Amino acid sequence: MGITLGGRRRTAAYAATFALLLGGLATGIAQGATGTEAAGTPVPGTVVVKEDAHAKVLTADASVRNKRDLVKEVREHRAETRKAPKTPAPAGPAQAQADDGGGHGDQSGFPVRDQWLTSSKSERITVPGAGQGELTAAGSSFVKVPFMEYYAIFTGTSSDVAWLGGRPFNADSIEHTDSWRIGSVGAPFWVVGAPQGAAVRSTGSLAEASWTTSVQNNWYSEHAYDQVAFYPPSQDDYSNVFRISHSVTGTFQFGSSFFTVTSQDRSYS
């Protein structure tokens, strides 16, 4: 779908959306806190190793011995979060709606295209000189997309990757990546609010933010991130998003061997 919005209505939509995107950008690092906000409620057994105003990186506490129970509890909390009502794509001011006849978000009766992207994947591996076990990756992210599909905002992202084998109990290292991606038509999109240190790229056909962190001598990694958006640079630019996706990848090192598991979900368009 192309954009056929009137200039004033689209300007109002941009103003409302940027207010949502740019609020609260102050950051600060805190080390050593406990508990996870992956689903809005702390899950015992996790330790926050890095945190700022928008992101958390967590691992498993050394006291945790039952890996599957911890992963199950985190994912159950994540599922509970998805049941909560979500704010729809931002609306423009009421006057703009009245003057221009609607067409943005759901304020005019058009359906928004907001949805949860959820994924999970597991892989059986054999660690050389040790034993067999399972790698898992799972995540969810709520994507807000207006009816005319000219931007995408990912909110409430939560993901985890885990080694569920017993020998060895921990991986030497875990690289954990969340990737938010859109296909695009028209002017290259701005990527607004990507995590600190994320790799960002944008062309006329693709925009992506990939956030990678690492933990050492552990079996578990978890991410929580509040919001990243893909937005056209000008109200006058023709623009359209499609192939909207969120993926989670874990790369586990055992000695000189590396193993990877990836889960992904993609929207309807």
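## Pairing of strand E6

In this predicted model, strands E6 and E11 run antiparallel and are joined by 13 bridges. One facing pair across these two strands is Ser-179 and Ser-247, the latter in E11.

E6 also pairs with strand E9, which covers residues 206-218. These two strands are again antiparallel, with twelve bridges between them. Here Ile-182 stands opposite Ala-207 of E9. In a regular strand, side chains alternate between the two faces of the sheet.

## Overall make-up

The chain contains three helices and twelve strands. Of its 269 residues, 50% count as buried. The accessible surface comes to about 11,500 Å², and carbon and sulfur atoms account for 50% of that area.

Contacts that are distant in sequence are well represented: among those between residues at least 6 apart, 70% join residues at least 24 apart.

## Nonpolar cores

The largest nonpolar core has 24 residues, and the members that touch the most others are Trp-163, Trp-219, Phe-252 and Phe-254. At least two residues of this core come from each of the following elements: helix H2 (67-83), strand E4 (132-144), strand E5 (152-163), strand E6 (171-186), strand E11 (239-254) and strand E12 (257-266). The paired strands E6 and E11 are thus both among the contributors to this core.

A second core, separate from the largest one, holds 19 residues. Leu-117, Phe-154, Phe-230 and Val-241 are among them. In soluble globular proteins, nonpolar side chains tend to be buried together.

## Two loop residues

His-54 sits in the loop between strand E1 (46-51) and strand E2 (55-60). Its relative accessibility is 17%, so His-54 counts as buried, the cut-off being under 20%. The side chain of His-54 makes a polar contact of 2.7 Å with the side chain of Asp-226.

Val-112 is found in the loop between helix H3 (94-100) and strand E3 (115-126). Val-112 counts as partly exposed because its relative accessibility is 25%, and that class lies between the buried limit of 20% and the exposed limit of 50%. The C-alpha atom of Val-112 is 8.5 Å from that of Met-148, a residue 36 positions away along the chain.

Terms used: Residues are numbered from 1 along each chain as its sequence is written. This is a predicted model: local features need pLDDT of at least 70, side-chain atom pairs count only at pLDDT 80 or more; totals for chains, interfaces and linings use all residues. Side-chain values use heavy atoms; hydrogens and water are left out. Helices (H or I, at least four residues) and strands (E, at least two) are DSSP runs, numbered from the N terminus. Buried means under 20% relative accessible area, exposed over 50%, partly exposed in between (1.4 Å probe, protein chains only). A nonpolar core is a set of buried Ala, Val, Leu, Ile, Met, Phe, Trp, Tyr and Cys residues joined through side-chain atoms within 4.5 Å. Contact means heavy atoms within 4.5 Å. Accessible areas come from the Shrake-Rupley method with a 1.4 Å probe; for residues, only the protein chains shown count as cover. A polar contact is a pair of N or O atoms within 3.5 Å; within protein, one must be able to donate a hydrogen and the other to accept it, and residues adjacent in sequence count only if both atoms are side-chain atoms. Two strands pair if DSSP finds at least two bridges between them.
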